[in-house]
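Work through the exercises below with the model open beside you. Try each task before reading its solution.

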Amino acid sequence: MVITMVEVLYKCAKCGKEFKMDLAVVREIRCPYCGAKIIYKPRPKVGRRVKAI
Ligand SMILES: [Zn+2]
């Protein structure tokens with residue numbers, strides 16, 4: 001049994017707020033704040049980058 005958690009951070013083009021949305025649950029991506037349908041996908045949560053000083 002494989003459960004894929006697709007947690008991607010989206011950004012609303014209208015109000016600029018960022019939110020997470022699971023595409024497995026939601027078919028239509030919409031801003032939960034203002035209801036805009038224009039959503040940016042800034043960066044998928046794939047790799048983990050650690051700041052090396
Ligand atoms: Zn919005």
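**Exercise 1. Decide whether C12 and C31 are buried or exposed.**

Solution. Both C12 and C31 are buried. Buried means under 20% relative accessible area, exposed over 50%, and partly exposed in between, with a 1.4 Å probe and protein chains only. This is a predicted model, where local features need pLDDT of at least 70, side-chain atom pairs count only at pLDDT 80 or more, and totals for chains, interfaces and linings use all residues. Residues are numbered from 1 along each chain as its sequence is written, and side-chain values use heavy atoms, with hydrogens and water left out.

**Exercise 2. Find the protein donors of the zinc ion and name the geometry of the site.**

Solution. Start with the donors: N, O and S atoms within 2.8 Å of the metal (3.2 Å for Na, K and Ca); water is not among the atoms, so sites may look incomplete. The SG atoms of C12, C15, C31 and C34 qualify, lying 2.3 Å from the zinc ion. Next, check the angles. They run from 106 to 117° among the 4 donor atoms, and the site is tetrahedral. Four donors earn that label if all angles lie between 85 and 135 degrees. Last, read the spacing in sequence: C-x2-C-x15-C-x2-C. One pair links distant parts of the chain: C12 sits in strand β1 and C31 in the loop between β2 and β3 (39-44), 19 residues apart. Strands are DSSP runs (E, at least two residues), numbered from the N terminus.

**Exercise 3. List the residues of the largest nonpolar core and say which strand gives the most to it.**

Solution. A nonpolar core is a set of buried Ala, Val, Leu, Ile, Met, Phe, Trp, Tyr and Cys residues joined through side-chain atoms within 4.5 Å. The largest one has 8 residues: V8, Y10, C12, F19, M21, C31, A36 and I39. β1 and β2 each supply at least two of them. β1 gives the most, with 3 residues. Now look at C31. Not counting residues up to four places away in sequence, C31 touches C12, C15, F19, A36 and I39; contact means heavy atoms within 4.5 Å.

**Exercise 4. Which residue forms a salt bridge with E28?**

Solution. Apply the rule: a side-chain nitrogen of Lys or Arg within 4 Å of a carboxyl oxygen of Asp or Glu. The count comes to 1 salt bridge. E28 pairs with K37, and their closest N and O atoms are 3.2 Å apart. E28 is partly exposed, at 43% relative accessibility.

Methods
Helices (H or I, at least four residues) and strands (E, at least two) are DSSP runs, numbered from the N terminus. Four donors count as tetrahedral if all angles lie between 85 and 135 degrees; four count as square planar and six as octahedral if opposite donors are over 155 degrees apart and all others between 65 and 115; anything else is irregular.
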